[in-house]
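Good morning, and thank you for joining this short presentation. Please look at the sequence and the structure as they appear, and then we shall go through them together.

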There are 2 protein chains.
Amino acid sequence: MTRMESSFAIIAEPNRRSILSLLAASECSVGELERQLRMPQTSVSKHLRVLREAGFVESRVEAQRRVYRLRPEPLMEVDAWLTPFRRFWTAHVDALERHLDRMDATPETPTKGKKR
Amino acid sequence: MTRMESSFAIIAEPNRRSILSLLAASECSVGELERQLRMPQTSVSKHLRVLREAGFVESRVEAQRRVYRLRPEPLMEVDAWLTPFRRFWTAHVDALERHLDRMDATPETPTKGKKR
DNA sequence: TCAGCGTATGACTTGACGGGTATATGAAGC
DNA sequence: GCTTCATATACCCGTCAAGTCATACGCTGA
């Protein structure tokens with residue numbers, strides 16, 4: 001149903017990235033994700049469905065629970081896409097730190113149209 | 001104007017990824033991008049604006065043209081986010097090839113509805 | 001000055017995605 | 001059977017991003 005073509009669109013959603021990060025640590029049931037992320041169960045299930053249909057996760061049934069675990073392929077695709085760009089920063093590694101520091105400093109509200 | 005919080009949301013757009021890929025090869029003017037991507041100029045300009053405000057590109061003025069070039073920081077962020085996941089595939093590298101081969105073969109339908 | 005090119009912006013429309021609520025399914029236990 | 005727990009789905013709605021069109025801006029050369 002939901003178009004949602006590329007792997008990039010899937011991980012554009014912050015909650016889905018959170019789910020993936022948790023699953024990177026260890027596999028989880030829906031309820032565990034629900035508690036750790038403090039989000040409604042229906043929301044978790046919906047995101048898991050999207051992730052599952054896009055191949056990011058798979059589930060196995062365990063009694064009444066469904067335990068989800070990570071599948072690496074789609075993220076490998078993203079990683080592969082980055083390849084041609086890496087030459088831009090492999091030279092000077094500390095640029096990221098400076099960038100992240102700036103992000104940190106900014107008042108978290110990009111709401112207003114800032115110049116440049 | 002456009003919220004567009006994360007770097008992930010920016011590269012969720014296929015046309016923007018195309019622009020970035022072209023700029024990874026070499027800096028380009030708007031017109032060059034327009035021709036290579038075969039998309040309307042207003043569209044290119046709008047995507048460039050989004051990319052610029054998100055720090056993915058910067059432009060310099062050259063006569064009547066604006067030449068855009070890549071800035072690496074936001075993509076470095078994405079690369080950094082991938083770090084915890086790499087352990088899932090650094091062991092067996094060929095899984096990506098198999099995955100991409102499948103993508104190639106399938107007629108645009110995601111992982112087929114397994115319908116239990 | 002004007003014309004023409006290159007680029008940016010504004011208004012508008014459309015459609016997709018995410019959140020919420022209610023409900024359905026299905027397994028386990030009484 | 002019924003009830004409870006765990007998860008999934010259906011529906012509605014608000015929001016927001018992307019496309020299109022028209023137009024405005026800025027630079028250059030005649």
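**Contacts with DNA strand D**

Let us begin with Arg65(A), which has a polar side-chain atom 3.4 Å from a phosphate oxygen of DNA strand D. This is a polar contact, that is, a pair of N or O atoms within 3.5 Å; within protein, one must be able to donate a hydrogen and the other to accept it, and residues adjacent in sequence count only if both atoms are side-chain atoms.

I should say at once that this is a predicted model, in which local features need pLDDT of at least 70 and side-chain atom pairs count only at pLDDT 80 or more, while totals for chains, interfaces and linings use all residues. Residues are numbered from 1 along each chain as its sequence is written, chains are lettered from A and ligands numbered from 1 in the order in which they are written, and side-chain values use heavy atoms, with hydrogens and water left out.

Tyr68(A) also reaches a phosphate oxygen of DNA strand D, with a polar side-chain atom at 2.5 Å. Val30(A) uses a backbone N or O atom instead, at 3.4 Å from a phosphate oxygen of this strand.

How many residues surround DNA strand D? There are 25, each with a heavy atom within 4 Å of the strand. Among the closest are Gln41(A) and Arg16(B). Of the strand's atoms that come within 4 Å of the protein, sugar and phosphate account for 67%. The largest share of this surface, five residues, comes from H4(A); helices here (H or I, at least four residues) and strands (E, at least two) are DSSP runs, numbered from the N terminus.

**Salt bridges**

I turn now to charged pairs within the protein. Side chains of opposite charge can pair when their charged atoms come close. The count is 18 salt bridges over all chains, where a salt bridge is a side-chain nitrogen of Lys or Arg within 4 Å of a carboxyl oxygen of Asp or Glu.

In chain B, Glu27(B) and Arg60(B) form one, at 2.9 Å from N to O. Glu27(B) lies in the loop between helix H2 and strand E1 and Arg60(B) in strand E2, so the pair ties together parts 33 residues apart in sequence.

Is Glu73(B), which pairs with Arg71(B) at 3.7 Å, buried or exposed? Glu73(B) is buried, at 10% relative accessibility, whereas Arg71(B) is partly exposed at 24%. Buried means under 20% relative accessible area, exposed over 50%, and partly exposed in between (1.4 Å probe, protein chains only).
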